[in-house]
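User: Could you walk me through this one? I'd like to hear the reasoning behind each label, not just the label.

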Amino acid sequence: MSKQLETKFNEILFKNPVVPASGTFGFGREYEAYYDLEKLGGLCSKGLTLEPQSGNTGIRLWETPAGLMNSIGLENPGIEAFIENEWPHLKSLDTVTIVNVGGKDEESYLKAIEKLNAIDVKLIELNISCPNVKAGGMAYGMTAETAGDITKKVVDISNHPVMVKLSPNGDSVADIARACEASGAQGISLINTIQGMAIDYKKRAVVFDNLYAGLSGPAVKPIALRMTHQVCQAVNIPVMAMGGISTWEDALEFIMAGATCIQIGTVNFINPLAPIEIIEGLEVYCEKEGLANISEIRGII
Amino acid sequence: MAIIRSNEFISPGICKMTVAFTGAVLPGQFFMLRAWDKDPLLSRPISVHDYEAGKLTFLYQVVGKGTEILSCLKAQSEVILQGPLGNGFPQIVGDLCVVGGGIGIAPLYYFVKDYKKKNPQGNCRVYLGFRDSSYCVESFNAIADEVNLNIGGMITDQLKVASNEVVVTCGPEVMMKSVAKATPAENLVYVSMEARMACGIGACLGCTCATKYGNKKVCKDGPVFLSDEVFYV
Ligand SMILES: Cc1cc2nc3c(=O)[nH]c(=O)nc-3n(C[C@H](O)[C@H](O)[C@H](O)COP(=O)(O)OP(=O)(O)OC[C@H]3O[C@@H](n4cnc5c(N)ncnc54)[C@H](O)[C@@H]3O)c2cc1C
Ligand SMILES: Cc1cc2nc3c(=O)[nH]c(=O)nc-3n(C[C@H](O)[C@H](O)[C@H](O)COP(=O)(O)O)c2cc1C
Ligand code: FES
C-alpha cells in the first residue's frame, strides 16, 4: 500500500485519513461482508454509555432532501458488554478503533471513561454533542464553559488520548474548540448532527417521539465545512471532520479546510463501499497531483 | 447493479419488476433498491416476490417518491440492488396457513412456492385481503391448495386456523395483530415486520423493534419474527 495517504493524528498513525463515523457503522461487523476493515484508516464505534440503553421509541428515521434525520437515542449495549463482546474482535484488527463515549451526567461519563482505562484504546471520542438524548448528551457541548469543564475532568482520569466531538448546535464552535484544547483535549471531531424537526402534516403531529432529531447527510455539508474551517483556524490540535461527506472530492475539501482525518457517516447507508471508494479516489488524486503525501494540501484554505 | 428485464403496472398503483440476478435468495428476504443519486437519500427495502435462477421479481406499491421513480424505470435500464438481506421465513414442515393483506402479499408468493416445492404433500391454504381491487390472486391459485379472497372486509372474519397449521402473515400491522389474535395460542404465528430503514444491514439501529427479548433489528434479526415475540403487550 502506498504511503501517500498515511496520516498522523498526533502520535497515532492512520493508514489513510478515512474513518467511518460513530453510529453509522455499528461495531464494524456488518460491513465486513462488503470489504476488509483493515483497509480503513480507522473506525469509530457506536456511541457507548456506562449502562446499556434501549434508545428512543417511535420513528427513528426520516428523510429530507439529500438529508437524513435520526432519533436513535444512543441505543447501545453498554461499555461492559462492548468490552466483552466487541472489543476482542476490534482489537485484533490492524486499523485504529476509536471508541465513542456518551453520558447522561458527569458521573456516568467519568465511570465510562474509567472502565475504558482497562483496555488498550488508541483514541476516545468524547461525545458531548448527541442531540437525541434528553439528559446530558448535547447539553455539555453547548457552551465553551461546560465543554471545557467536562473535557478537563475526562482528560484527567483517562489513560487514553481524548478527542472531543462537537455539536453544531451551540455557541461558536471555534470558542468551544479552544476551550476543549485548553482543557487538554488531544483532538477535535465535528460535526455531530444538526438539530432539526419534522412534522407530519397529514397526522397533525410531530414525527419524532423525542420532538427534535439530528440532521446528517449531504444536506449538511456546507455547514460542516464552514465549521471545520473555523475550528482548524482556532486550534493547534488535529481535527477529524465530518458532515455530509459522500465522495473523495468532498473529503478533499475538508482536508483543504484543515482536517487531519475525515469521518464518513450517512453515506455508508447509501453505498456501503463509500469509505473504500473515497480512499481510492484520494490515492488517485495524490498520484495525479504528484503529492508525496496528502498532508501537502492540508489546510491550504 | 442489476439490469431490469421488465417493469410494469399489473394493477393501479401496483408494479412488478423483474431483474437479472444470480445467487442464493431465500423467501422473506429483501433487497435495498435505488435508482437515483442523493435525493431521495436512502434506498428502499423491497421484498423478494419471486426468484428463480437468474430472475428476481419484486412486487411493489407506488406510495411516494422512491417507489414512483422505481415504477418509471424501463426494461434494460439499471437499478442498484443491495442484498439479499434479512433472515426471511422459517422452513415449515407441517401444514401452512398464509395470510396476506394488500401489498403484504408480495413476499408470500415466493414463500408458498418454495414451501410447495419442498413439501409436495403439505397442505397450504392462503387468505388474501385487499381494500378495493385484488391482484396476483391467479398466481396464488396456481400454487396453493386453497385461496380465500376478501375485498373490502376484514380477513380475520373468515380466517379459520386448523390445529396442525403454522400461520405466516404479512400486511399492515393491525391486520397481523388481529391474525395473531384470531389464531389459537397453540399455533405458531410468524409475522413479517416493516420499519423505516437506513442501512438495511444492522448498523444504524434505525429499524429497532421492541420485543419480549429486548430490542431487535427488523433488517438483520427479522424481518420475520414470531408474533408473540413482537406483539407481546
Ligand atoms: C423489509 C421490508 C420489505 C418491504 N417489501 C415491500 C414490498 O415487497 N413491496 C412494497 O410495495 N413495499 C415493501 N416495503 C415497503 C416499502 O419499503 C415502502 O413502501 C417504500 O420504502 C416507500 O418508499 P417511497 O419513497 O415510495 O415512499 P415515501 O413515503 O416517500 O418514503 C419516505 C421514507 O419512508 C420510508 N418508508 C415509507 N413507507 C415505508 C414502509 N411501509 N416501510 C418501510 N419504510 C417506509 C421510505 O423507505 C423512505 O425512507 C417493505 C418494507 C420493508 C421494511
Ligand atoms: C443513524 C445515526 C446514528 C448516529 N449515532 C451517533 C453516535 O452514537 N454517536 C455520535 O457521536 N454520533 C452519532 N451520529 C452522528 C455521526 O457520527 C456524524 O457526526 C453525523 O451523522 C454527520 O456526518 P454525516 O453527515 O457524514 O453522517 C449518528 C448519525 C446517524 C445518521
Ligand atoms: S436499517 Fe439500519 S439497523 Fe436496520
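**Where the chains and the ligand meet**

Analyst: Sure. In this predicted model, chain A and chain B bury about 2100 Å² between them, with carbon and sulfur atoms giving 60% of that area. On the chain A side, A:Leu61, A:Glu63 and A:Phe269 together supply 29% of what chain A buries against chain B, more than any other three residues.

User: What makes that area "buried"?

Analyst: The term covers accessible area that two parts lose on being put together, summed over both. So the 2100 Å² or so belongs to both chains, not to one of them. In contact terms, 26 residues of chain A meet 24 residues of chain B.

User: Why is the pairing of B:Lys220 and A:Glu30 called a salt bridge?

Analyst: The rule wants a side-chain nitrogen of Lys or Arg within 4 Å of a carboxyl oxygen of Asp or Glu. B:Lys220 and A:Glu30 are a Lys and a Glu, and their N to O distance is 2.8 Å, so the pair qualifies. Three salt bridges turn up across the interface of chain A and chain B, and 11 residue pairs there are in polar contact.

User: Which elements of chain A give two or more residues to the side that touches chain B?

Analyst: Those are β5 (61-64), β6 (67-70) and α7 (267-270) of chain A. β5(A) gives the most, with three residues. By type, this side of chain A has 14 nonpolar, seven polar and five charged residues.

User: Where does ligand 1 lie?

Analyst: Between chains A and B. There are 21 residues around ligand 1, and B:Arg44, B:Pro45, B:Gly66, B:Thr67 and B:Arg196 come nearest. β4(B) supplies the largest share of the shell, four residues.

User: How do you know that A:Glu63 makes a polar contact with ligand 1?

Analyst: A polar side-chain atom of A:Glu63 is 3.3 Å from an oxygen atom of ligand 1. The cut-off for a pair of N or O atoms is 3.5 Å, so this one counts. Chain B joins in through its backbone: a polar atom of B:Leu59 sits 2.9 Å from a nitrogen atom of ligand 1, and one of B:Gln61 is 2.8 Å from an oxygen atom of ligand 1. Both distances also pass the 3.5 Å test.

User: How much of ligand 1 does the protein bury?

Analyst: Taken alone, ligand 1 exposes 830 Å², and the protein buries 83% of that. The shell around ligand 1 divides into 11 nonpolar, five polar and five charged residues.

Technical notes:
Residues are numbered from 1 along each chain as its sequence is written. Chains are lettered from A and ligands numbered from 1 in the order in which they are written. This is a predicted model: local features need pLDDT of at least 70, side-chain atom pairs count only at pLDDT 80 or more; totals for chains, interfaces and linings use all residues. Side-chain values use heavy atoms; hydrogens and water are left out. Contact means heavy atoms within 4.5 Å. Buried area is the accessible area (1.4 Å probe) that two parts lose on being put together, summed over both. A polar contact is a pair of N or O atoms within 3.5 Å; within protein, one must be able to donate a hydrogen and the other to accept it, and residues adjacent in sequence count only if both atoms are side-chain atoms. Ala, Val, Leu, Ile, Met, Phe, Trp, Tyr, Cys and Pro count as nonpolar, Asp, Glu, Lys and Arg as charged, and the others, Gly among them, as polar. A residue is near a molecule or strand if one of its heavy atoms lies within 4 Å of it. Accessible areas come from the Shrake-Rupley method with a 1.4 Å probe; for residues, only the protein chains shown count as cover.
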